[in-house]
Amino acid sequence: MSDAATHALDHHEPPTSTGIPNKKVLMWAFLGSDCMFFGTLISTHLIYRKISATVNGTPLDIRNIFDIELTSFSTFILLASSLFMALAVSAIHKGNLTGTRWMLFGTVVFGTIFLACQVYEFTHFVYLEGHELTLSTYQGEAHVFGSTFYVLTGTHGTHVAIGVFWLIGWLLYSFTGRMTTADAIDIECCGLYWHFVDIVWIIIFPVVYLMEYAF
Amino acid sequence: MATESVKYVAPETDTKTSSKVFPRPGQNTTGIVNWLTTIDHKKIGLMYGLASLSFLLIGGLEALLIRTQLWSHNMEVLSNRQYNQMFTMHGTTMVFLVIMPMSAAFFNYLMPLQIGARDVAFPRMNTLSLWCFIAGGIILNLSWFFTGGAPAIGWFGYAPLTDNRFAEVLMDMGPDFWIFSLQVLGIASLLASFNFITTIINMRAPGMTMMRMPLFTWMTLFVSFLLILALPAIAIALAELMFDRSYGTNFFDFLEGGKPHLWQHLFWIFGHPEVYILILPAMGIVSEIIPVFSRKPLFGYGLIVFSGAIIGFMGFAVWSHHMFTTGMGIVATSAFSILTMLIAIPTGVKIFNWIGTMWGGRIRFDPPMLFALGFITMFMIGGFTGIMHSSVPIDAQHQDTYFVVAHFHYVLIGGALFGLFAGFYFWLPKITGKMMNKSLGKFVFTLMFIGFNLTFFPMHYLGMIGQPRRTHTYNLGHGFETWNQIATIGSFILGIGVFIGFLQFVHSFCSKKLKPAGKNPWDARTLEWTLSSPVKEHNFARTPIIKARDQAWENNYGPPENHSEKVPLDDHGVHMPDRSWTPLLSGIGLLTMVLGLLFHLSLDQSGEVVRDYTVAIVGGVIFILGVILWAVEGGGGYHLFPKEEDE
Amino acid sequence: MHPRHIPRIVLSFFLFIFLFGGCSRVDHKQSALDPKGLVAQSQYDIFILSVWITIFLFCAVGGCLLYVLLKYRAKNQEEAMEIPSQSHGNSKIESFLILASTVILVILAVPTLQGIVLMNKVPDPDDEATLTRLNLDREQIEGAITVNVTGKRYFWVFEYPQFGIVTANELVFPVSKAIRINLTSEDVIHSFWLPKLAGKMDLMPGHENFMWFIADQEKILSRTDRDGNPYKTDVPTAMPAVFDGSMRDAVFAKQDFNATFEPVGGVFYGQCAEFCGNSHAYMSFRGLAQTDEDFGLWVERLQTAQNPNLKPSKWNSSSEYPKGSIVIAKDESLIDENSEREYRAVTDVKKGNEPSFSSGAWEKLHSDDYEIGKTIFESAQCGQCHALDRTGIGSKGPNLTLFGLRTSLAAGWMRNDRPNLIKWLQNSQDIKFGNLMWNGEGVDDKHGVRSFQPIPIDEVNDSPLKKEEKRLLNEEKKVRVNQLVTYLLEQS
């Protein structure tokens, strides 16, 4: 970037009324809205939980479908990725470019592992002998569990995927040599998003998975 | 809108990091390119306004067809399916393509001026919001031309009527168009709202504390919060419906475990805040106009702000009053009934305060004030019938009759539309720099007021003697004819009034004969009236330092310590962001993607369903490309060096 | 008055006309302002209370507004430029107004809550206090009639589980008993609305809703004449019996179908109130109030008609038949050698006395047209969707048992008489577009269902011979549809 450009950019971020950067306020507003998206999906799932409890009049034990060990593992992975994300944000604030790069890389890898687990889980559910949970059926019978489950966890997965691509974007950018502490705010927004997606999973995991084992 | 007094800096000092493919148009761009690539909140506001006024004419035409069909019993102006399409499109158009974007037009144009900002926080995002809105409008109205025609499901799209199982035309695409257009319009509203929230929280001029903000800006803030919190509910409901229709999920399919109730809850969790999303902007406009034409500050400013917040907050707790007849049980209906009654209190507070503002003032009856007074009286009637509906036993008779139609038209035409028209008459001199003919304005008001009451007042009575809504005809012998005829005549008078108003607005942009408005023709009170009319590209040459609530008024009449000061000019000048093609590109990508999704299904020769996502993927790629270019091109910008008083 | 006040004056004028002039008579057929039962009365009372509150508020607030506008208007240019005192508010007044509005809401909230309980719960017969307050007898509640209402596109199924009978589109009920209504739907959402007796309640698919009502005989007998003066009628005039056709006759005789006000007090008009598709506007129904006795007899008629064990059997040469017995036996002259018809024994008939025209012991139960109509009903496969002599729960179409006693056709849309029924059978889509009665789509013109629709005659292109041929064919079709109509209307 030329000097003039940096000069112009300085003017882009005039002191705000609250002192918080605009991008951060935007991100918080978006996350507030996103809470409602997931709130709606999770409520849908909970409302249908009772109805999902039977198939063809016989009680349905969703535990037979779930692979709780795998999901616990992917939950752990996603939580761990949050740590990397936090370290990345901290590194960019300190101007530690190498550290940022590695931590971003770690987040991307862990995010990808989570996604891979989810892809495995979905295909496993669809082809699991004797269960065959699809969007519209369970064991070949019309059922609502697949609808609420796949759409809820799928939306979350989409969020993780978008996050991974976003992080990859920054990772690539870090190799252009233009990354400075001025970009810290962008990485921080990215981090806010990533932590939010993790927190949502912390809600989904007990509500969708663990509750089946508790009640 | 640059004038000679603005000295442009040499181009080489500009930031030019944009790609070669879509170079950012320069600062001197004019003509169509200027409008397509603008990121100026004022131009965006104007486009929002023009588009929503055009949709008002389309939606109004649909309303007139509906009224013509109901002229007498067993009329055949429209077939029953056409009628059902008309009322679906009329409702959807008026809510999503007229009142919401018209409010957004005012938000865009005025809110930054009122808080002393040079633009919104994210100008390019604002442009994308505009193109999403246009795309949504196009998608919805494209539905007329494809299988099944426009949707015939009502603007509320109650499941399971939207299910393929109950489609009355084979492969009916109407509901799909409806779903996707609402999704795209939702994106537009979300983007705009994030922007407004950030702008209001972060970009106020020095000294513009929250409690010094004009009422209209407060309402912008509340509406934006309502939108970002309410839209997700319907976005998810629509997504679930889309999955139901296209991929066989069972969210709302009662034969396979779904619950039609769920759709109603999700729809109204959005739908009720939506009602306040429609009315709060008009309340904000009226709260600006009444003090100006009474020459008094707003009575109980704090209370009006607070009541706006309460209304917004409680708006999320009363959605089930749209569902009193769906069998929710004694406890739920009682609770929602009482909560709904409570919401009348903050609404009443506003009306008391408006009257309190006028008390002891010097009231002038210019067109904006007439519309504002029309708003108060008509909204009052709409509010009273609303209180009636909050009582479940009354609602058991009124639900889905013309009484309800009368009620919400009193709120949405007598309320929202009158408020927005008041806003047009009030602020167009600021926008065009020319005064409109007052007599014509009063004539428009008279036509609209009489036509409106003639149309909708008899509907109260029609509802009570048993005319159900959403019926394309009625039988002989119910005694509905006379009152329907009066309503139809009234609707044409109203239509003529709105049309003349529309012509007057457009004329005031084109005409060279109208007399210039000057900075502050109404002797108004808020910050935008310290600027020249029309407002310069850079809004404020020097950022004002705010000392009091009604700054324009205080500058003229207030004590010296309340006069605003200015942040001195520096040698950087005013930084202006560059125009950009990327929002338009992303918008086109989104439109292509949606069209691709709409038409992805086809039947091959053997009758098998074939899914072809090529177009959708191409659209998605264009969208992502647009976003990437957007990110890469950076903020950009150029500098203006206006003189001190050039604002 | 200044010209600027003209709109306001015009409005006040209209308000006056609407409130006092137009509403002098409010007992329209489907009016919620003319309650004839306890539940509707309670809803009406709360509504009127809310109207008074509204009028009070409108006068108070509107009066204030008008006063302010008149008093503080700028009378000339100088005054318009004056600067009044810049007062910012008065917290005492504001708090007072908030308090006052709360009080007004409480006035409405209390009856609202009572009304909600009344709508949703039939009073407990052991709760003397409530019964006294509502002016009800214990037996009115204890003898409650249950009706299961199912909404279908675009008609209504009324099932009386206590009696094991099913009818459609006309709800017959005793005037003195509480009627409990269970509502559900088999396709989309409908809403059951009987304005004069109760409010409305939705019929949700996969979910059962409840409402109840009880008619009030005194109110049914109180009528208003053309000039709006009240008068009393007697029970036979207001509530003619349904079971023997007097209701139908009374409705047809007195009622110009187009008359705005229903002359027979016991006839109630209802309507589907939730948008349900193309034919939603046509989905209405009727409620027919009956005395206890008449209701009992109607139930008996319907039970007999829908009892499969009471159907006439084939004539058997080894049985004796007492006078009045009905049998099915051959009548070769009817259509062909295989055709059969119903006979009634005129006297006691001995063994082996085969029914025939000559013997004198038997007579035809029905006309020839009726019997031919019956075969048409079968050959056109009407019975696939319509149950005519059985309960036929789950049938696609409305139950047609005792169809000839019905006052209305096409879900309450038109009078159930011969010309209308012919029009309906010839092409129901012309009358009620979007209705789901099969009009013979997907079969050729020879199929029975298509045999009623007249063939369009092209006056220009058809040759005279062709025209003649078509005309003859149409005549034949007309005869056939008339025979079917005879069969249907004689179901009584």
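A salt bridge is a side-chain nitrogen of Lys or Arg within 4 Å of a carboxyl oxygen of Asp or Glu. The exercises below concern a predicted model, in which local features need pLDDT of at least 70, side-chain atom pairs count only at pLDDT 80 or more, and totals for chains, interfaces and linings use all residues. Residues are numbered from 1 along each chain as its sequence is written, chains are lettered from A and ligands numbered from 1 in the order in which they are written, and side-chain values use heavy atoms, with hydrogens and water left out.

**Exercise 1.** Determine which chains are in contact (heavy atoms within 4.5 Å).

*Solution.* Step 1: chain A and chain C do not touch, their nearest C-alpha atoms being 12 Å apart. Step 2: of the two pairs of chains in contact, chains B and C share the most contacts.

**Exercise 2.** Describe the interface of chain C and chain B.

*Solution.* Step 1: the contact joins 103 residues of chain C to 104 residues of chain B. Step 2: the buried area is about 8800 Å², with 71% from carbon and sulfur atoms; this is the accessible area (1.4 Å probe) that two parts lose on being put together, summed over both. Step 3: the rule finds two salt bridges here. In one of them, Arg470(B) and Glu274(C) meet through their side chains at 3.7 Å, N to O. Step 4: on the side of chain C that touches chain B, the largest share, 16 residues, comes from H2(C).

**Exercise 3.** Describe the interface of chain B and chain A.

*Solution.* Step 1: chain B supplies 37 residues and chain A 35 residues to the contact. Step 2: about 3200 Å² is buried between these chains, 72% of it on carbon and sulfur atoms. Step 3: the rule finds zero salt bridges across this interface. Step 4: H6(B) gives the largest share of the side of chain B that touches chain A, namely nine residues.

**Exercise 4.** State how many disulfides (pairs of cysteine sulfur atoms within 2.5 Å) the structure holds, and examine two cysteines.

*Solution.* Step 1: over all chains there are zero disulfides. Step 2: for Cys189(A), the nearest cysteine sulfur, that of Cys190(A), is 8.3 Å away. Cys189(A) counts as buried (under 20% relative accessible area, exposed being over 50% and partly exposed in between; 1.4 Å probe, protein chains only), because its relative accessibility is 5%. Step 3: the sulfur of Cys276(C) lies 4.0 Å from that of Cys272(C), the closest cysteine sulfur, which is too far for a bond. Cys276(C) is also buried, at 0% relative accessible area.

Conventions
Disulfide = S-S within 2.5 Å. Helix = DSSP H or I, 4+ residues; strand = E, 2+ residues; numbered from the N terminus.
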